[in-house]
Amino acid sequence: MADDEKNTGDSGLDENSNAVQQEPVEQSVTEVADGNREESLESAGHPPAKIDEMLPSKLVLYPLGGRPFFPGMLTPIQVEGSPYYDTIRYALDSPGKMFGIILSHAEEGEKVFDAGQLFKFGTVARIMEAAVNEENKQIKLLAEGISRFEIIDIAKADPPIVANVIHHEKAGNKLDIEVIKPYTLAVISALKEILKYDSLYQEQVKMFLSRHNFGEPDRLADFVASMTSSKREELQEVLETLDIRERLEKVLVLLKKELEMVKVQDKISKQVEEGISEHQRHFFLREQLKEIQKELGITKDDRTADVEQFRDRVKNLTLSEEAEKKINDELSKLSVLETGSSEYGVTRNYVDWLTSLPWGVFSKDKLDIKRARQILNRDHEGLDDVKERILEFLAVGKLKGEIGGSIILLVGPPGVGKTSIGRSVAQAVGREFFRFSVGGMRDEAEIKGHRRTYVGAMPGKVMQALRLKKVANPIIMLDEVDKIGASYQGDPASALLEVLDPEQNTEFLDHYVDVRFDLSKILFICTANQLDTIPRPLMDRMEVIRLSGYISEEKVSIARNHLIPKQLQKNGLTKGHLRFSREALRTIIEGYAREAGVRRLEQKIGAIARKAAVRILETNAEVPIHVGHNQVVEFLGKPDFRDEKPMSGVGIVTGLAWTSMGGATLDVEAAVYASGKTHFALTGKLGDVMKESAEIAYHHVIGQCKVLGGDPTRMEEQSIHLHIPEGATPKDGPSAGVTMATALLSLARNQPVSRQLAMTGEITLTGQVLAVGGIREKVIAARRVGLRELIMPEANRKDFEEVPEYIREGFTVHFIKKFNQIPVLVFD
């Protein structure tokens with residue numbers, strides 16, 4: 001129905017109708033069913049009200065958007081504005097004040113302007129009372145349904161819609177009473193059942209009995225249909241059924257559905273009421289039981305129970321004097337607070353934290369060096385120097401009787417096993433292990449906790465770890481300490497100083513706990529990819545252990561012993577499904593996973609395992625599937641990396657570099673061109689330190705050109721261009737100084753480097769060659785590209801000798817102190 005119209009049914013609106021019968025509705029229905037009423041089925045066919053006027057052949061139509069309107073019903077209607085105001089005015093001006101109420105296909109509340117949206121059958125309605133407000137174009141009326149009509153055609157399609165109709169008011173006059181009576185009784189019987197469950201239906205029956213009786217089967221059918229909550233299509237079908245017996249059959253079906261729905265609703269209501277009543281009964285019984293137990297001294301209230309629980313906890317703890325005093329004060333405060341107050345909840349949570357910390361609770365260390373070596377060898381391939389450092393650390397701890405108060409910093413590229421080494425150390429020592437990442441952390445409260453004045457305050461990560469692990473000497477791993485941040489909320493790196501400093505952490509004060517706790521027995525293991533971004537005061541408190549990248553042989557061993565079994569299990573495969581050859585693993589390592597760690601190698605093995613699983617299921621391939629070089633290329637596509645071959649020529653020298661991803665080779669190119677003036681250009685996205693190093697190399701070669709065997713005229717009044725390829729990759733650091741100086745010297749001598757070699761070292765303005773870092777990574781990078789001759793600073797001889805023998809094997813290394821040693825080594 002439109003927004004400006006209202007159709008609220010016929011309940012209680014017929015002021016001029018007969019008074020509502022006073023006897024109970026169910027009794028009235030029973031009397032009719034038993035034949036005790038004066039009205040009988042023989043009175044069928046008589047209309048509820050006599051119609052003096054002839055039914056018109058043309059009717060103005062009033063569309064409905066909700067449910068159809070049936071004959072014999074009363075409905076109040078209120079219309080405001082066009083087009084429905086014009087429709088009702090048209091009806092009021094007609095001789096019989098009649099109009100057609102007809103259902104439309106539009107949704108309820110939607111105005112209908114198109115006659116094509118109307119159903120074919122409707123109900124003739126007569127206006128019984130009307131109140132017209134011409135100024136506001138508002139009409140309030142009471143309409144009574146007279147009879148059915150059927151549209152023949154539309155006489156006027158624009159609102160108000162007028163149609164030529166035929167009437168079916170005599171459709172129920174000729175009735176076979178004996179045929180109709182069983183259907184009528186069945187409808188009345190079903191109606192009696194519904195009346196038992198819902199009082200709303202009783203009110204509707206009262207209104208019906210005030211104007212009709214159950215001896216009128218056509219009116220009974222229409223009334224019962226309008227009373228149900230059936231779909232409008234089903235109700236319209238009843239309206240369009242002219243035969244009384246068929247109409248009663250359809251109404252009986254709708255009434256049975258309604259009865260089932262009412263029964264289910266009644267059942268649900270009773271269940272809900274029973275559940276609520278049962279819950280209330282249990283609540284009252286529990287409250288009574290509490291009072292009885294209080295009187296008998298059998299139990300305590302919640303507050304007393306909480307206080308006793310906290311006192312029981314501290315019996316097994318070795319509290320400090322400060323902690324004991326604080327807990328006793330808080331328990332005294334808790335015992336006088338009301339349990340419903342917010343202060344009670346805050347205090348209870350605080351005491352819960354205080355009593356949950358492991359005061360004086362320590363796990364016993366298992367300082368068995370042989371067992372520790374077995375665990376480290378089982379979990380990790382290679383890294384012999386790292387394992388030895390860890391075993392030395394554990395041996396010293398065994399001699400001292402404890403290993404607490406130490407901070408280990410594991411530094412290395414991603415994927416080399418820093419976190420897993422921390423877990424292995426925890427397993428070897430027999431301590432609880434807790435890991436959390438500080439990467440990106442910007443709030444010092446994450447470390448030292450929030451003050452209790454804040455809503456939702458809680459202790460920092462260290463206190464949370466102690467509570468979770470229930471011992472005061474776990475191993476705590478702080479991941480990604482090189483990526484810790486700072487903001488207006490504080491500097492977490494500075495907060496870590498108190499946590500990690502052995503001189504301060506004996507009395508660590510968390511803002512939330514507000515009681516000093518001894519962290520000196522905790523073994524802290526930190527991890528980082530590089531040292532440059534770690535604050536110097538923080539790094540001074542750590543013992544640095546470097547984890548370099550793996551060489552190809554180590555990666556093959558790691559893949560066979562660890563990565564392949566792990567990925568087979570993860571992807572639902574076994575050794576009987578998939579097998580990798582050594583050649584296949586080398587192809588993956590050299591062509592797809594050249595990084596220092598093994599994380600990408602594991603990803604590629606997992607990708608092959610998944611593709612093999614698809615092949616096994618889709619093509620029923622023979623198992624095991626053997627993976628060789630060709631199968632790797634088939635599964636993974638073309639290699640991501642090409643073979644690195646050192647460049648050669650005048651002005652071209654290969655250097656060695658270190659990055660956070662491991663070692664790499666670096667080709668340096670120098671070229672000269674005539675410009676009439678001296679100019680030095682640098683390209684390759686170099687950092688400030690590297691630019692300064694290039695300037696130093698340039699000026700040293702220019703100043704010492706003759707001594708170094710170069711031709712000064714090639715460098716004077718010429719433009720020199722120094723370039724380092726892969727210009728999109730940022731580069732920085734002083735370790736390429738010797739390499740850049742050698743490239744410039746090659747240009748001055750107009751002579752290429754005579755042999756395939758690589759070099760590293762920092763150069764000074766006077767030609768001194770200084771030490772650089774990352775020697776192991778650089779040696780691994782040289783081995784990967786097939787270079788076996790290196791030039792390094794003399795100061796790095798010790799670092800090279802610390803590189804494992806199996807990595808150093810086959811290398812020829814020249815250690816130099818000054819740059820003037822270079823020409824003899826690299827030029828014929």
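In this predicted model, the side chains of glutamate 634 and arginine 615 form a salt bridge, with N and O 2.6 Å apart. The contact joins distant parts of the chain. Glutamate 634 belongs to helix H21 (residues 629-636), and arginine 615 to helix H20; the two are 19 residues apart. Arginine 615 is partly exposed, because its relative accessibility is 28%. In all, 35 salt bridges were counted.

A salt bridge also connects glutamate 134 and arginine 89, at 2.9 Å from N to O. Glutamate 134 sits in the loop between strand E5 (118-133) and strand E6 (138-156), whereas arginine 89 sits in helix H2 (residues 84-92), so this pair ties together parts 45 residues apart in sequence. Glutamate 134 has a relative accessible area of 48% and is partly exposed. Arginine 89 is partly exposed as well, with a relative accessible area of 23%. This pair is part of a network: salt bridges with shared partners join Arg89, Asp93 and Glu134.

A further salt bridge is formed by arginine 232 and glutamate 233. Their closest N and O atoms are 3.7 Å apart. What is the relative accessible area of arginine 232, and is the residue buried or exposed? The value is 14%, so arginine 232 is buried. Its partner, glutamate 233, is partly exposed at 46% relative accessibility.

Aromatic contacts come next. Seven aromatic pairs are present in the structure. In one of them, the ring centres of tyrosine 62 and phenylalanine 99 lie 6.1 Å apart. Their planes meet at 85 degrees, so the arrangement is edge-to-face. Tyrosine 62 is in strand E2 (residues 58-64) and phenylalanine 99 in strand E4 (residues 98-104), so parts 37 residues apart in sequence are tied together. Tyrosine 62 and phenylalanine 99 are both buried. Tyr62 and Phe99 also form one aromatic cluster with Tyr84.

A pair is likewise formed by tyrosine 350 and tyrosine 512. Here the ring centres are 5.9 Å apart and the planes stand at 75 degrees, so this pair too is edge-to-face. Distant parts of the chain are linked by the contact. Tyrosine 350 lies in helix H10 (residues 342-356) and tyrosine 512 in the loop between E11 and E12, 162 residues apart. Both tyrosine 350 and tyrosine 512 are buried.

The loop between strand E11 (508-509) and strand E12 (516-517) also holds aspartate 514. Phi of aspartate 514 is positive, near 60 degrees, although the residue is not a glycine. Aspartate 514 is partly exposed, because its relative accessible area is 35%. On the surface, Asp514 forms a negative patch together with Glu322, Glu507 and Asp518.

Glutamate 480 is another non-glycine residue with a positive phi, of about 60 degrees. The loop between strand E10 (475-479) and helix H16 (492-500) contains glutamate 480. With 25% relative accessibility, glutamate 480 counts as partly exposed. Backbone geometry was also examined at a proline. The peptide bond from valine 623 to proline 624 is cis, with omega near 0 degrees. Proline 624 is placed in the loop between helix H20 (599-619) and strand E16 (625-627).

A nonpolar surface patch consists of Val264, Ile268, Val272 and Ile276. Together these residues have about 340 Å² of accessible area. Valine 264 is located in helix H7 (residues 244-296). Its relative accessibility is 46%, so valine 264 counts as partly exposed. In an α-helix there are 3.6 residues a turn, so residues three or four places apart point the same way.

How many residues of helix H5 (residues 217-227) are buried? The count is 10 of 11, and the helix is mostly covered. The buried residues of H5 include the charged Asp218, Arg219 and Asp222. Also among them are Pro217, Leu220, Ala221, Phe223, Val224, Ala225 and Met227.

Conventions. Residues numbered from 1 in each chain as written. Predicted model: local features only at pLDDT ≥ 70, side-chain atom pairs only at ≥ 80, totals over all residues. Heavy atoms only, no water. Patch = residues over 30% accessible without salt bridge, like charges linked within 9 Å, V, L, I, M, F, W, Y side chains within 5 Å. Areas by Shrake-Rupley, 256 points an atom, 1.4 Å probe, with all protein chains shown as cover. Salt bridge = Lys/Arg side-chain N within 4 Å of Asp/Glu carboxyl O. Charge placed at Lys NZ, Arg CZ, Asp CG, Glu CD. Helix = DSSP H or I, 4+ residues; strand = E, 2+ residues; numbered from the N terminus. Buried < 20%, exposed > 50% of the residue type's maximum accessible area, 1.4 Å probe, protein only. Phe/Tyr/Trp six-rings, centres within 6.5 Å; stacked < 30°, edge-to-face > 60°.
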